[in-house]
Amino acid sequence: MPRLDPAARKAFLGEFPHWREVAGRDAISRHFKFPDFSTAFAFMTRVALLAEKLDHHPEWTNVYNTVDIILSTHDAGGVTEKDVALAKAIEGLAV
């Protein structure tokens, strides 16, 4: 799968401004903050089930009520349409 071209990346980041480019690597990231740990963990569970379905898995960390997600297609060496699709789907789960 080819990496996302600069115009497609710019379009995605313009449409989803909470996602950011990761300094020093070809990846995108998003920080989520929830009311409490249970809500954050429930969100992570929904993302995990989605990631399994899409066979594309995020890098992430969780500290109490926050979840940080990084997306990059390791086989392609950077951001691809798979990352954009997963990011868009994650946005739908975060509401």
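A residue counts as buried when its relative accessible area is under 20% and as exposed when that area is over 50%, and this cut-off is used at several stops of the tour below, which runs through a predicted model.

**The whole chain**

Begin with the protein chain in cartoon view, where three helices and four strands can be picked out, and follow them along the sequence in the pattern α-β-β-α-β-β-α. Taken along the principal axes, the box filled by the C-alpha atoms is roughly 35 × 25 × 25 Å. The radius of gyration of the protein chain is 13 Å, which agrees with the value near 12 Å that a compact globule of 95 residues would have. Of the contacts with a separation of 6 or more, 61% are accounted for by residues 24 or more positions apart.

If you now switch on a surface, the protein chain exposes about 5600 Å², with carbon and sulfur atoms supplying 58% of that area, while buried residues make up 39% of the 95 residues. Colouring by charge shows 11 positive and 13 negative side chains, and the centres of these two sets lie 4 Å apart.

**Helix α1**

Select residues 6-15, which form helix α1, and show the side chains of R9, F12 and L13, which are buried. Looking down the axis of α1, you will find that its buried residues fall within an arc of 95 degrees, so they line one face of the helix. An α-helix has 3.6 residues a turn, so residues three or four places apart point the same way. Adding β1 (20-21), β2 (28-33) and α3 (81-93) to the view brings in elements that are included in what covers the buried residues of α1.

Turn next to the other side of α1, where A7, K10, G14 and E15 are exposed. K10 is worth a separate selection, since it counts as exposed at 67% relative accessibility. Between the C-alpha atoms of K10 and E21, which are eleven residues apart along the chain, the separation is 10.0 Å.

**Helix α2 and the loop after it**

Move on to L50, which is found in helix α2, and display its surroundings: leaving aside neighbours within four places in sequence, L50 is in contact with L86, A89, I90 and L93. For a distance across the model, pick the C-alpha atoms of L50 and V22, which are 23 Å apart in space and 28 residues apart in sequence.

From there, continue to D55, in the loop between α2 (37-54) and β3 (59-63). D55 has a phi near 55 degrees, a positive value in a residue other than glycine, and with a relative accessible area of 54% it is exposed.

**The loops on either side of β4**

The next selection is Y64, found in the loop between β3 and β4 (66-71), where phi is again positive, at about 50 degrees, although Y64 is not a glycine.

Finish at S72, in the loop between β4 and α3. Is S72 buried or exposed? Its relative accessible area is 8%, and because this is under the 20% cut-off, S72 is buried. To see what surrounds S72, select the residues in contact with it beyond its neighbours within four places in sequence, namely R25, D26, A27, H56, G78, V79 and D83.

Conventions:
Residues numbered from 1 in each chain as written. Predicted model: local features only at pLDDT ≥ 70, side-chain atom pairs only at ≥ 80, totals over all residues. Heavy atoms only, no water. Helix = DSSP H or I, 4+ residues; strand = E, 2+ residues; numbered from the N terminus. Rg over C-alpha atoms; globule rule 2.2 N^0.38 Å. Buried < 20%, exposed > 50% of the residue type's maximum accessible area, 1.4 Å probe, protein only. Contact = heavy atoms within 4.5 Å. Areas by Shrake-Rupley, 256 points an atom, 1.4 Å probe, with all protein chains shown as cover. Lys, Arg positive; Asp, Glu negative; His and termini not counted. Charge placed at Lys NZ, Arg CZ, Asp CG, Glu CD. Arc of directions from axis to C-beta.
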